[in-house]
Amino acid sequence: MKTYIQYLEPKERPTSFYNIIPDIEKYLKMEIPPVLHPATKQPVTPNDLAPLFPMELIKQEVSREKEIDIPEEIQELYETYRPTPMIRAAQLEKILDTPAHIYFKYEGTTPSGSHKINTALVQAYYSKKEGVKKITTETGAGQWGTALSISCAHFGLECQVFMVKTSYQSKPYRREVMRLFGANLIPSPSNSTACGRKFLEEDKDCPGSLGMAISEAVEVAAQNDDTKYALGSVLNHVLLHQTIVGLEAKKQMEKFGEYPDTVIGCVGGGSNFAGFAFPFVHDVFRGKKIEFLASEPEACPKLTEGKYEYDFGDSAGMTPLIKMYTLGHKFMPSPIHAGGLRYHGAAPLASILKNAGMVRSIPYPQIETFKATQIFAKAQGIIPAPESAHAIKTAIDEALKAKESGEKKVIIFNLSGHGHFDMQAYADFLDGKF
Ligand SMILES: *Cc1c(COP(=O)(O)O)cnc(C)c1O
């Protein structure tokens with residue numbers, strides 16, 4: 001019998017996160033561009049960030065330690081749902097009739113149904129430890145809000161979620177999931193913040209965006225001492241926590257007896273791509289050869305068409321300035337179903353790798369990603385999130401290229417989440433509505 005799925009023994013499970021920063025400084029011989037204060041344009045200090053984030057996360061954000069221990073309590077929590085499986089997409093290979101071997105890491109098996117809970121738990125843990133009472137955040141498609149709601153429920157924290165209005169309206173069950181876990185949900189832009197009221201004044205029918213929802217959540221956290229803000233992607237510490245995904249995947253591939261030629265992930269803010277890819281980038285710095293492919297929507301192609309420059313993380317220009325590939329903080333992506341990819345910028349650390357020529361990005365029209373995902377779903381019996389569909393499209397295209405060239409490539413991708421709450425999107429696809 002062949003092996004199609006790998007987990008990990010307890011002693012094989014990662015006990016620390018991989019911090020790529022020291023490797024970037026050493027192997028790319030560069031300094032990480034500092035984050036700048038929005039008013040003074042000077043590098044921010046930990047004190048500038050203290051109103052928004054727990055101090056331990058601020059420390060992780062700038063840490064130069066190569067490995068950062070996973071707190072024992074978090075290791076225990078991970079133990080309740082990790083490792084997520086690494087699966088050989090054998091039926092897909094058969095249907096595509098490709099000599100390539102395709103594997104995927106399946107983050108849809110987590111309690112929240114996506115990779116986001118990996119960092120939500122850590123962020124809630126440090127907030128609780130530092131006496132925080134309430135966490136505010138934004139959510140697009142709802143996966144981040146769900147992950148943070150579960151994590152806040154676990155640690156007994158209040159959770160306030162500004163949900164992008166289009167998603168709030170189009171994903172009623174996501175909404176109820178978050179309410180079930182006790183979150184206080186507000187469609188964004190809303191009347192409950194000054195910046196929300198300003199967005200509504202400019203356009204009362206505004207569908208909202210992640211950038212706007214971030215502005216609202218940040219405003220609430222900045223104004224309340226017992227409240228912190230949590231971000232589901234982009235920041236260094238978020239990518240750091242997500243390396244749990246790639247660290248496991250690397251060991252699981254070892255158990256399969258294979259090593260990837262191609263590593264693929266979709267990019268919203270960049271956390272699932274980075275978390276999956278960075279532990280392999282570690283090897284590339286030390287001589288391995290891997291192609292890294294970042295899949296993004298044509299409607300929001302930050303890596304492919306964005307500029308590599310300083311920009312705000314939110315729409316109102318309240319956050320610090322970060323150097324990243326960006327379409328501009330005022331960019332308003334059309335309301336595609338992959339709500340989690342509707343963010344104007346890509347994580348600074350992922351942007352550095354793109355700028356260094358280590359990552360290639362590929363933009364897709366929405367319809368192509370759904371077509372690819374239907375092929376995958378029929379083959380493997382899994383319904384992916386519309387975000388993950390982008391990575392699947394890339395994996396299938398690469399496998400078909402390998403078929404033409406006869407290459408026995410090993411292709412791995414991150415299936416960042418399941419699509420069980422995205423059935424309206426699939427209905428629209430099947431009904432030919434886009
Ligand atoms: C949020 C999300 C994404 C995009 O965010 P990244 O930070 O780029 O990973 C991708 N897939 C799923 C399932 C998501 O929930």
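**Entry 1. Surroundings of the ligand.** I began with the residues around the ligand in this predicted model. There are 19 of them, and those that come nearest are Lys116, Ser233, Gly268, Ser271 and Ser416. I then sorted the shell by residue class: 13 residues are polar, four are nonpolar and two are charged.

**Entry 2. Polar contacts.** Which side chains place a polar atom by an oxygen atom of the ligand? I noted three. For serine 233, the distance from a polar side-chain atom to a ligand oxygen is 2.5 Å; Ser233 also stands among the residues that come nearest to the ligand. For histidine 115, an N or O atom of the side chain is 3.0 Å from an oxygen atom of the ligand. For glutamine 143, the corresponding distance from a polar side-chain atom to a ligand oxygen is 3.4 Å.

**Entry 3. Burial of the ligand.** How much of the ligand's exposed area does the protein bury? I found that the ligand taken alone exposes 380 Å², of which the protein buries 98%. I next looked up where the ligand is placed: it sits in the largest cavity.

**Entry 4. The chain as a whole.** I turned last to the overall fold. I recorded 18 helices and 15 strands in the protein chain. The radius of gyration of the protein chain is 20 Å, and the globule rule gives 22 Å for 434 residues; the two values are close, so the chain is as compact as a globular protein of that length. For the extent along the principal axes, I noted that the C-alpha trace spans about 60 × 50 × 40 Å.

Technical notes
Residues are numbered from 1 along each chain as its sequence is written. This is a predicted model: local features need pLDDT of at least 70, side-chain atom pairs count only at pLDDT 80 or more; totals for chains, interfaces and linings use all residues. Side-chain values use heavy atoms; hydrogens and water are left out. A residue is near a molecule or strand if one of its heavy atoms lies within 4 Å of it. A polar contact is a pair of N or O atoms within 3.5 Å; within protein, one must be able to donate a hydrogen and the other to accept it, and residues adjacent in sequence count only if both atoms are side-chain atoms. Accessible areas come from the Shrake-Rupley method with a 1.4 Å probe; for residues, only the protein chains shown count as cover. On a 1 Å grid over the protein atoms alone, a cavity is a set of points where a 1.4 Å probe fits but cannot get out, and a pocket is an open set with protein on both sides within 12 Å along at least five of seven lines; lining residues have an atom within 4 Å of a point. A molecule sits in a cavity or pocket if more than half of its atoms lie within 2 Å of its grid points. Ala, Val, Leu, Ile, Met, Phe, Trp, Tyr, Cys and Pro count as nonpolar, Asp, Glu, Lys and Arg as charged, and the others, Gly among them, as polar. Helices (H or I, at least four residues) and strands (E, at least two) are DSSP runs, numbered from the N terminus. The radius of gyration is taken over C-alpha atoms; the globule rule is 2.2 Å times the number of residues to the power 0.38.
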